[in-house]
Amino acid sequence: MNLKSFASDNYSGIHPKILDAIVKANLAHASAYGADELTKTAITKFKEHFGSDREIFFVFNGTAANVLGLASVTESYHSIICADTSHLYVDECGAPEFFTGAKLTTIKTTDGKLTAALIKPHLIGFDNQHNSQPKVISIANSTELGTVYKPDEIKALADLAHEHAMLLHLDGARLSNVAASLGLSLKEISFDLGVDLLSFGGTKNGMLLGEAIIFKDASLAKGFKYRRKQGMQLASKMRFISAQFLELLSNNLYLENAKQANKMAKLLAEKIKNIPDLEIVSA
Ligand SMILES: Cc1ncc(COP(=O)(O)O)c(C=O)c1O
């Protein structure tokens, strides 16, 4: 039986075009650890989508993108502010605390979305040696509850972070779905709004595996290549991650896949909404 499950978007397979790209990349030898032509071309493609100043690194999974990205911009005496429903807090087995040493300050929300009003009471203790120093606001778009931040909501959080010499991290495991839902480009819903570092998802949008960490600029990305290796996320055969990303970001495949996923989520909501005892909590 061809059993289908709605438990997670990871239950779905690999997009045939992505699989073909992996097969094509398999025809010849190439340099290891990202020094190959496919990786260079994929990075150029990322810059087309996210901006030419960006620094881009590939890793195997989303937890690593979040954790290593955050580890590279924090010290152990910092704190990272996030929703109490965030993947960071709930689903990463303490890896953020383990790898950064920083404290996670969690905030209760009604819909998975942080706001300036919710965050402000936690922006305390600056310059006080007894307190963790707030350094990063971390949000996910789309959120873990399936809700979507509008551009002005993200801009408000970036402005708040920057007013306090903090950074805004965006967990974009499903950023393509946001682009599809809002009809905006990937750059318009991230770096144009003041995001400083972004975890960009590939696995949930048709890839076999692979996520990217994108820094606003080279100064923020300083030392990251060493951290990625220490964090055991430097792929020796990186070209096979790069080939997938190159395919995903070419000819709008990322958008096509995300539109289809959004459409199916709506269809699911439509079909189950009349089932007694079932309540759709966010749509
Ligand atoms: C919001 C969010 N961020 C990150 C991830 C990445 O997780 P993984 O380490 O399983 O790739 C997920 C996966 O479910 C997620 O839902």
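Where does C93 lie? Let's start there, and keep in mind as we go that this is a predicted model. C93 lies in the loop that runs between α4, residues 87–90, and α5, residues 95–100. I picked C93 because its phi is near 50°, which is a positive value in a residue other than glycine. So is C93 buried or exposed? C93 counts as exposed, because just 9 other C-beta atoms sit within 10 Å of its own, and the cut-off for exposed is 12 or fewer.

There's another residue of this kind, A165. Phi of A165 is near 55°, again positive in a residue that isn't glycine. You'll find A165 in the loop between α7 and β5, with β5 covering 167–172. A165 has 10 C-beta neighbours inside 10 Å, so A165 counts as exposed too.

While we're on loops, have a look at the peptide bond joining N141 and S142. That bond is cis, with omega at about -5°. S142 belongs to the loop between β4 and α7, and α7 spans 151–163.

OK, on to the strands. β2, residues 78–83, is mostly covered, with five of its six residues buried. Which strands does β2 pair with? One of them is β4, residues 133–140, and that pairing is parallel, over four bridges. If you want a spot to click on, S79 has P134 as its bridge partner in β4. β2 also pairs with β3, residues 103–107, again in the parallel sense, over five bridges. There, the bridge partner of A83 is I107 of β3.

Now for the helices. How many of the ten residues of α3 are buried? For α3, residues 62–71, it's ten of the ten, so this helix is largely enclosed by the rest of the structure. The buried residues run from G62 and T63 at the start, through N66 and V67, among others, to L70 and A71.

G62 and T63 turn up again around the ligand. The other residues there are N61, H87, A140, E144, D171, A173 and T203. By type, that shell divides into two nonpolar, five polar and two charged residues.

Let's move over to the helix packing. In general, a packed pair of helices gets described by two things, the angle between the axes and the distance between them. For α2, residues 37–50, and α10, residues 239–248, the angle is about 35° and the axes are 8 Å apart. The crossing of α2 past α10 is left-handed. On the α2 side, the contact uses L38, T39, T41, A42 and K45, and on the α10 side R239, S242, A243, F245 and L246. Those contact residues split into five nonpolar, three polar and two charged.

And what does A25 touch, once residues up to four places away in sequence are left out? A25 touches L38, R239, F240 and A243. L38 is one of the α2 residues in that helix contact, and R239 and A243 are among the α10 ones. A25 itself is in helix α1, residues 16–25. A25 has 20 C-beta neighbours inside 10 Å, so A25 counts as buried, the cut-off being 20 or more.

Last one, to tie A25 back to the ligand shell. T203 is one of the residues around the ligand. The C-alpha atoms of A25 and T203 are separated by 18 Å, and the two residues are 178 apart along the chain. That's my tour, thanks.

Terms used. Residues are numbered from 1 along each chain as its sequence is written. This is a predicted model: local features need pLDDT of at least 70, side-chain atom pairs count only at pLDDT 80 or more; totals for chains, interfaces and linings use all residues. Axes are lines fitted to C-alpha atoms, for helices over the stretch in contact, and angles run from 0 to 180 degrees between N-to-C directions. Helices (H or I, at least four residues) and strands (E, at least two) are DSSP runs, numbered from the N terminus. A crossing is left-handed if the near helix is turned anticlockwise from the far one by less than a right angle, and right-handed if clockwise. Two residues are in contact if their C-beta atoms, placed from the backbone, lie within 7 Å. Ala, Val, Leu, Ile, Met, Phe, Trp, Tyr, Cys and Pro count as nonpolar, Asp, Glu, Lys and Arg as charged, and the others, Gly among them, as polar. A residue is near a molecule or strand if its C-beta atom, placed from the backbone, lies within 6 Å of it. Two strands pair if DSSP finds at least two bridges between them.
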